[in-house]
Amino acid sequence: MSTTIIVPESRNIVKGKTVVLGNPRAGGMKKGIAIMDFILRLGAIAASLGAAASMGTSDQTLPFFTQFFQFEASYDSFSAFQFFVITMALVAGYLVLSLPFSIVSIIRPHATGPRLFLIILDTVFLTLATASAASAAAIVYLAHNGNQDSNWLAICNQFGDFCAQTSGAVVSSLVAVVIFVLLIVMSALALKKT
């Protein structure tokens, strides 16, 4: 005593084909941008952490006649270098903490919340990294060349290792700044509606 109901299929429906709405490549492009964002963040972590570590360990002592009379050059002798070490450490810390948001952007490429959050904070930390790199670059320039008008002598003739290490730290921080600019441009492209 079972009853069977037969429902005829409509002839207008074609089986086995799906309708794609929107641009199928848009999700792939956004996912590619998100993956590149993650890779660039890893590079920026290495550059900013390397800059902070290199500047933080820069120290050179020149003995002069006796052990009690010595000349010393260290990063903590210059307030611009102290600002540089603190700021680059903060930038590296931010970049480490931003990695989960970058991973969320890879998993969900169309989500705008994490991407917008990253672009705002990336802009803030780009400003900090640029300010610290510029202030340290000014001191490194004075250490290399001096200033004849102010009677500031170049100290890199005597403190060669110190100057090489601080110059390397400034170059590394400028690499981090360039990576930040690329991250911001890529985030803006990913936020663009297709």
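How do H2 and H3 run relative to each other, roughly parallel or roughly antiparallel? They turn out to be roughly antiparallel. Keep in mind that this is a predicted model. Below is a quick tour of that helix pair, the aromatic rings, and the largest nonpolar core.

**How H2 and H3 pack**

- Two packed helices can be described by the angle between their axes and the distance between those axes.
- Here, helix H2 covers residues 79-107 and helix H3 covers residues 113-145.
- Their axes sit 9 Å apart, and the packing angle is about 160°.
- Angles over 145 degrees count as roughly antiparallel, and H2 and H3 therefore get that label.
- As for handedness, H2 and H3 cross in a left-handed way.
- Sort the residues in the H2 contact with H3 by class and you get 22 nonpolar, 6 polar and 2 charged.

**Aromatic rings that pair up**

- There are 5 aromatic pairs in the structure.
- One of them joins Phe81 and Phe162, with 6.2 Å from centre to centre and 55° between the planes, which makes the pair tilted.
- This pair links distant parts of the chain, since Phe81 belongs to helix H2 while Phe162 belongs to helix H4 (residues 160-191), 81 residues apart.
- Both of these rings are tucked away: Phe81 is buried, at 1% relative accessible area, and Phe162 is buried too, at 2% relative accessibility.
- Tyr94 and Phe125 make another pair, and this one is stacked because the ring centres are 4.3 Å apart and the planes are at 5°.
- Tyr94 is in helix H2 and Phe125 is in helix H3, so their pairing ties together parts 31 residues apart in sequence.
- Are Tyr94 and Phe125 buried or exposed? Both are buried.
- Phe81 and Phe162 also belong to a cluster with Phe78, held together by ring pairs.

**The largest nonpolar core**

- In soluble globular proteins, nonpolar side chains tend to be buried together.
- In this model, the largest nonpolar core holds 39 residues.
- Which members touch the most other members of this core? They are Met55, Phe84, Met88, Leu95 and Phe180.
- The elements giving two or more residues to the core are helix H1 (24-56), H2, H3 and H4.
- H4 supplies the largest share of the core, with 12 residues.

Key: Residues numbered from 1 in each chain as written. Predicted model: local features only at pLDDT ≥ 70, side-chain atom pairs only at ≥ 80, totals over all residues. Heavy atoms only, no water. Axes fitted to C-alpha atoms, helices over the stretch in contact; angles between N-to-C directions. Helix = DSSP H or I, 4+ residues; strand = E, 2+ residues; numbered from the N terminus. Parallel < 35°, antiparallel > 145°, perpendicular 65-115°, else oblique. Left-handed = near helix turned anticlockwise from the far one by under 90°. Nonpolar A, V, L, I, M, F, W, Y, C, P; charged D, E, K, R; others polar. Phe/Tyr/Trp six-rings, centres within 6.5 Å; stacked < 30°, edge-to-face > 60°. Buried < 20%, exposed > 50% of the residue type's maximum accessible area, 1.4 Å probe, protein only. Core = buried A, V, L, I, M, F, W, Y, C linked by side-chain atoms within 4.5 Å.
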